[in-house]
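Visitor: I should like to discuss the overall form of this chain and then one of its residues. Please show the sequence and the structure before we begin.

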Amino acid sequence: MNRKIRKVAVLGSGVMGSRIACHFANIGVEVLLLDIVPRDLDENQKSDPKLRNKIVNDALAFALKSKPSPIYKADFAKRISTGNFEDDMSKISDVDWIIEVVVERLDIKKIVFDQVEQYRKLGTLITSNTSGIPMHLMCDGRSEDFRKHFCGTHFFNPPRYLRLLEIIPGPETDQEIIDFLMHYGDLYLGKETVLCKDTPAFIANRIGIYAIMSAMHTIENMGLTVGEVDRMTGPIIGRAKSATFRTMDVVGLDTTVNVANGLYNGLPNDESKEAFVLPNIVKQVHENGWFGDKSGQGYFKKTKDENGKRVILELDLKTFEYGERTRAKFKALEAVKDEEDLKVRIKTLVNFDDKAGEFYRKTFFDTFRYVTYRIPEISDELFRIDQAVCAGFAWQMGPFDTWDLLGVKKVLAQMEEMDLKPAPWVYDMLEAGNESFYIIENGIKKYYDIPSKTYKAIPGTEGLVILENIRETHKVWGNPGASLFDIGDGVLCLEFHTKMNSMGQEVIEGIETAISIAEKGYKGLVIGNEGENFSAGANLAMLFMFAGDQEYDEINLMVAQFQNTMKRAKFSSIPVVAAPAGLALGGGCELSLHCDAIQAHAETYIGLVEVGVGLIPGGGGTKELTLRVADSLTGGDPELNRLQEAFMNIATAKVATSAEEARDMNILRPQDEITLNRKRLLTDAKEKVLELYDAGYTQPVERKDIKVQGRTGLALFEAGVNGMLLGNYISEHDAKIAKKLAWIMCGGDLTYPQEVTEKYLLDLERQMFVELTAEPKTLERIHSILFKGKPLRN
């Protein structure tokens with residue numbers, strides 16, 4: 001069946017419902033968001049449509065104001081219409097998908113489904129966002145068509161940002177519906193869609209909550225502090241920044257406890273159910289009503305000191321009193337503090353002989369043991385457990401992947417010594433000569449299939465460009481800061497691997513070399529990676545050194561080299577496509593602007609931020625936005641208005657909060673495209689290269705027709721800057737930066753509007769950039785960033 005989703009009805013507008021509605025609006029779907037009529041209306045108020053829709057309208061308004069935003073850009077909210085169950089339920093007859101997101105009570109869900117059955121047209125998808133109510137109970141008493149088209153679709157909060165979508169079929173769900181939801185969630189919603197069995201808490205929460213509760217028992221037994229644990233369980237091991245205790249404060253301890261209690265009561269045959277019994281460090285805090293952010297205090301408490309300055313206190317897990325935050329002072333953590341490679345960090349930490357190493361071994365190995373016993377209970381395939389936990393809890397490596405990293409045989413021996421023996425199938429796997437849960441063959445990652453005792457390709461990954469799978473076999477060139485890979489079909493991919501993928505000499509060399517190699521025998525080049533960020537911008541350390549030594553000729557050469565590299569990307573004989581995701585700031589944004597096309601992940605945070613360090617974009621970013629404004633409009637004030645918008649975006653170091661917002665900032669052009677699913681980004685970028693090549697790519701030539709405003713524009717900008725300065729909105733140094741920026745964008749002191757070349761604007765950029773490096777205030781700002789706020793001493 002060629003099923004299309006044009007309109008979706010979301011029933012329930014709470015925290016999840018309103019945000020699910022926003023995410024469907026993000027991808028261009030029309031949404032009908034419904035909720036109940038307020039119960040406290042008097043007779044006169046009951047006829048007022050606004051009051052009858054107060055609950056749903058307030059919920060949506062609250063969601064749209066929340067940070068981080070659930071919507072890619074404000075205009076997209078217009079795709080959402082609201083109503084209530086009593087007056088507007090009949091409208092669901094026009095939709096293609098109905099998603100129930102009401103309170104987690106079976107009796108209430110059944111009432112809603114009774115109403116749905118009255119108006120739902122045959123064949124319409126009907127799903128529930130339940131986090132644990134069994135599908136068969138929700139299907140009980142429903143029509144045959146309802147049962148065949150019913151499924152669980154469990155989004156994780158916040159739906160825009162967390163990548164997991166669990167698909168839980170009911171007992172009679174048609175296979176076509178399951179296949180459609182798996183595909184649609186992946187391709188259109190940008191989710192890691194994971195097929196789950198209808199078991200308590202499905203996969204992610206079953207494993208994630210077990211890992212948390214098991215860790216809580218270990219924390220209590222080892223006498224660790226809140227600060228120590230959150231230092232050990234965050235980014236240092238590839239987990240979320242909120243780590244353990246901060247995560248529980250954000251989510252709400254009551255939520256965690258409810259799930260843990262539900263699992264304890266609902267899993268009579270779970271061999272490890274005692275782990276779900278609340279240890280005192282959870283039980284006492286819960287009984288005190290300290291649920292976290294929602295109650296004003298939890299494992300952390302925000303308050304003010306005697307000077308009125310905000311401070312964050314930490315709960316003492318022995319006295320249950322708040323005090324100063326503790327720091328983790330373990331040798332294991334010191335040993336990895338400068339290590340960028342996550343895999344190296346994990347191996348070092350787990351094998352370290354100190355208290356931190358002991359904590360890692362106890363918690364990691366217990367989770368390893370637990371997941372082996374969940375197959376085939378919650379999933380028939382081990383890879384689904386890794387996918388669900390990583391996408392739902394923001395882990396970079398799942399339990400089976402981590403076990404492989406540490407060595408299955410080696411860890412098994414340690415687990416046996418700790419009385420943590422895994423399920424028998426692990427021993428069967430090793431006895432059959434299979435020594436890992438995953439292998440990579442011919443660039444394809446395969447998982448160990450327990451019934452057949454063979455390795456099979458992970459479904460949905462066939463045909464995708466995954467650098468991790470070809471790192472050892474398809475490398476064409478590399479240096480310490482960048483690597484070049486052959487990703488097939490005549491296309492290369494350049495990956496940065498400096499800290500935050502910042503752009504220094506090694507990355508510049510990588511870009512130049514990659515283009516030269518591609519021009520000799522390939523169809524084109526993708527610049528992108530699989531890390532968290534595309535590039536956080538230029539490496540400021542060398543600039544700081546030259547500026548401190550007043551080596552301005554060296555700075556001029558350095559900026560000229562960077563500009564030439566950007567020109568190389570723009571004027572090469574092969575198509576170059578940037579694939580930004582995460583942060584693409586400063587130089588990372590400039591590189592994207594100069595590529596033939598951008599294939600951006602939806603969650604790309606991109607902008608020219610150099611003003612924040614007392615500089616202006618010197619790598620052609622100012623020139624490119626000036627050029628784009630000149631191309632977009634002709635004649636009169638509208639031209640100056642658009643130029644002023646671009647000027648303000650640079651002058652305020654504005655960063656787009658989504659790829660869609662970057663379109664409004666002229667960073668993405670109409671021909672640039674957006675990928676919803678992060679794991680598909682490099683594949684889509686490769687297809688973009690091939691599309692440009694097949695269309696008969698022609699090497700671009702330098703523009704000589706960029707219209708600039710000269711003194712007309714300068715007068716406007718300088719008046720505005722002076723007004724801001726007189727009103728004490730900006731400092732004198734900020735005013736100096738703004739005037740230099742205006743000088744470039746207006747083409748300098750030209751007597752009338754005229755056309756200039758790209759080289760002309762680049763020369764102005766470089767001149768203004770070098771002049772600003774001579775400013776003491778600029779040096780102070782760079783020093784503050786490099787040395788984390790420590791004062792600059794002469």
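Visitor: What radius of gyration does the chain have, against that of a compact globule with 794 residues?

Guide: The model under discussion is predicted. For 794 residues, a compact globule would have a radius of gyration near 28 Å. The value for the chain agrees with this, since it is 28 Å.

Visitor: What percentage of the contacts with a separation of 6 or more comes from residues 24 or more positions apart?

Guide: The chain contains 33 helices and 25 strands, and 54% of its 794 residues are buried. Among contacts with a separation of 6 or more, the share from residues 24 or more positions apart is 70%.

Visitor: How far apart are the mean positions of the positive and negative charges?

Guide: The chain carries 96 positive and 115 negative charges. Taking the mean position of each set, the separation is 2 Å.

Visitor: Is Trp395 buried or exposed?

Guide: Trp395 lies in the loop between helix H17 (382-393) and helix H18 (399-406). Its relative accessible area is 12%. A residue under 20% counts as buried, so Trp395 is buried.

Visitor: Which residue, 156 residues apart from Trp395 along the chain, has its C-alpha atom 4.6 Å from that of Trp395?

Guide: Leaving aside neighbours within four places in sequence, Trp395 is in contact with residues including Ala211, Gly238, Val389 and Cys390. Another residue in that list has a C-alpha atom separated by 4.6 Å from that of Trp395, although it is 156 residues away along the chain: Arg239.

How values were computed
Residues numbered from 1 in each chain as written. Predicted model: local features only at pLDDT ≥ 70, side-chain atom pairs only at ≥ 80, totals over all residues. Heavy atoms only, no water. Helix = DSSP H or I, 4+ residues; strand = E, 2+ residues; numbered from the N terminus. Rg over C-alpha atoms; globule rule 2.2 N^0.38 Å. Buried < 20%, exposed > 50% of the residue type's maximum accessible area, 1.4 Å probe, protein only. Contact = heavy atoms within 4.5 Å. Lys, Arg positive; Asp, Glu negative; His and termini not counted. Charge placed at Lys NZ, Arg CZ, Asp CG, Glu CD.
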